[in-house]
Amino acid sequence: MATSRKGIQTKSNIITTAKVLFYENGYNKTGIQDIADHADVKLGTITYYYKKKDDMITDIYNVFFLALYDYVSSVSENLNLYTKYCYSLVLYYEAILNDEHNKTLYYEVLVKNVNPHGRTNITNTLNRSCLDFLNKNYIEADLEVIARSEYGARKELFIDFYEKNIKFTSRAMIYFFIRNLFRLMNLDGEMIENTIQQGFEFSNKNKPEDIKFLI
């Protein structure tokens, strides 16, 4: 764990280097040793902070999404929790689907089934908060079912999209991803439609240029 200033800087150097290599070469062609070489650190230093490459992916995904959520919150303080969640998802998927390098990494990670449960922790937290805010009844098992069902459907849909087995636009894919999640949470259909549309309108006016998925 990076607690000292030097440790924080070292970890930042590692993950920044990893993001550049993931962007340029993809997940499959980037090894831990490659990251160590380009970051100019020993392999043991890498594994001190990240036991495996999958852990870096989890960190990159989670940090990116939370940064977008904070951005949405700062730009529009009057939004409720559900709306902020939806808008953040729009920004998140747009950043991934509208950049070919980001899209390739996302595809490779899904195909490899890279540590999906490492990313469902944050999803479960946000889903729980959303359901609580909307006064929806649920049990803890529901959160796991929602997360696993959403991941499975998104994985299959995105792989078909990337491999051009379906002819959806990126915007349509984003719409289906988000609609599917909120439908699994048993939210009102009209509310879902309206909020996603508002999320696209928000994205048209607000571009978090300094917040990057990779580079």
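Helix H6 buries Asn 102, Lys 103, Leu 105, Tyr 106, Tyr 107, Glu 108, Val 109 and Leu 110. The list mixes charged, polar and nonpolar side chains, Lys 103 and Glu 108 among them. The model is predicted. H6 runs over residues 100-112. At 1.5 Å a residue, its 13 residues should span 18 Å, and the end C-alpha atoms are 18 Å apart, which agrees. Asp 99 caps the N-terminal end of H6, with a side-chain oxygen 2.9 Å from the backbone nitrogen of His 101. After H6 comes Asn 113, whose phi is positive, near 55°.

**Helix H5 and the core**

H5 covers residues 81-97. What caps its N-terminal end? Asn 80 does: a side-chain oxygen of Asn 80 lies 3.1 Å from the backbone nitrogen of Tyr 82. H5 has 17 residues and reaches 24 Å from first C-alpha to last, close to the 24 Å expected at 1.5 Å a residue. Of its 17 residues, 15 are buried, so H5 is largely enclosed by the rest of the structure.

The largest nonpolar core holds 68 residues. The members that touch the most others are Phe 22, Met 56, Tyr 85, Tyr 92, Ile 178 and Phe 182. H5 gives the most to this core, with 11 residues.

Met 56 shows how such a hub is surrounded. Beyond its neighbours within four places in sequence, Met 56 is in contact with Ile 14, Ile 15, Ala 18, Phe 22, Ile 32, Ile 35, Ile 46 and Tyr 50. Phe 22 is itself one of the residues that touch the most other core members.

Phe 65 sits in helix H4. Is Phe 65 buried or exposed? Its relative accessible area is 7%, under the 20% limit, so Phe 65 counts as buried. Outside its neighbours within four places, Phe 65 is in contact with Tyr 85, Ser 88, Leu 89, Tyr 92, Ile 122 and Leu 126. Tyr 92 is 27 residues away from Phe 65 in sequence, but 6.4 Å away in space, C-alpha to C-alpha. Tyr 85 and Tyr 92 both belong to the group with the most core contacts.

**Pocket**

The largest pocket encloses about 340 Å³ of space. Its lining has 16 residues. Nearest its centre are Glu 94, Ala 95, Pro 208, Glu 209 and Ile 211. H4 (53-75) and H5 each supply at least two lining residues. H5 gives the most, with 3. H5 therefore leads in two lists, since it is also 15 of 17 residues buried and gives the most to the largest core.

**Glu 150 and Tyr 175**

Glu 150 lies in helix H8, residues 140-162. Glu 150 is buried, with a relative accessible area of 6%. What does its side chain meet? The side chain of Glu 150 makes a polar contact with the side chain of Arg 154, at 2.7 Å. Leaving out neighbours within four places, Glu 150 is also in contact with Tyr 93, Phe 177, Asn 180, Leu 181 and Leu 184.

Tyr 175 lies in helix H9, residues 170-184. Apart from neighbours within four places, Tyr 175 is in contact with Glu 193, Ile 196 and Phe 200. Glu 108 is 67 residues from Tyr 175 along the chain, and their C-alpha atoms are separated by 22 Å.

**The end of H2 and two positive phi values**

Ala 39 lies in helix H2, residues 32-39. Ala 39 is buried, at 7% relative accessible area. Beyond neighbours within four places, Ala 39 is in contact with Asn 13 and Thr 17. Thr 10 is 29 residues away along the chain, with 8.9 Å between the C-alpha atoms of Thr 10 and Ala 39.

Most residues other than glycine have a negative phi. Asp 40 and Lys 164 have positive values, as tabulated. Asp 40 lies in the loop between H2 and helix H3 (43-49). Lys 164 is found in the loop between H8 and H9.

| Residue | Phi | Relative accessible area |
|---|---|---|
| Asp 40 | near 60° | 69% |
| Lys 164 | near 65° | 58% |

Why do both count as exposed? Exposed means over 50%, and Asp 40 is at 69% while Lys 164 is at 58%.

Definitions and conventions:
Residues are numbered from 1 along each chain as its sequence is written. This is a predicted model: local features need pLDDT of at least 70, side-chain atom pairs count only at pLDDT 80 or more; totals for chains, interfaces and linings use all residues. Side-chain values use heavy atoms; hydrogens and water are left out. A nonpolar core is a set of buried Ala, Val, Leu, Ile, Met, Phe, Trp, Tyr and Cys residues joined through side-chain atoms within 4.5 Å. Buried means under 20% relative accessible area, exposed over 50%, partly exposed in between (1.4 Å probe, protein chains only). Helices (H or I, at least four residues) and strands (E, at least two) are DSSP runs, numbered from the N terminus. Contact means heavy atoms within 4.5 Å. The expected span of a helix is 1.5 Å times one less than its number of residues. A polar contact is a pair of N or O atoms within 3.5 Å; within protein, one must be able to donate a hydrogen and the other to accept it, and residues adjacent in sequence count only if both atoms are side-chain atoms. On a 1 Å grid over the protein atoms alone, a cavity is a set of points where a 1.4 Å probe fits but cannot get out, and a pocket is an open set with protein on both sides within 12 Å along at least five of seven lines; lining residues have an atom within 4 Å of a point. Grid points are joined across faces, edges and corners, and a volume is the space filled by probe spheres set on the points.
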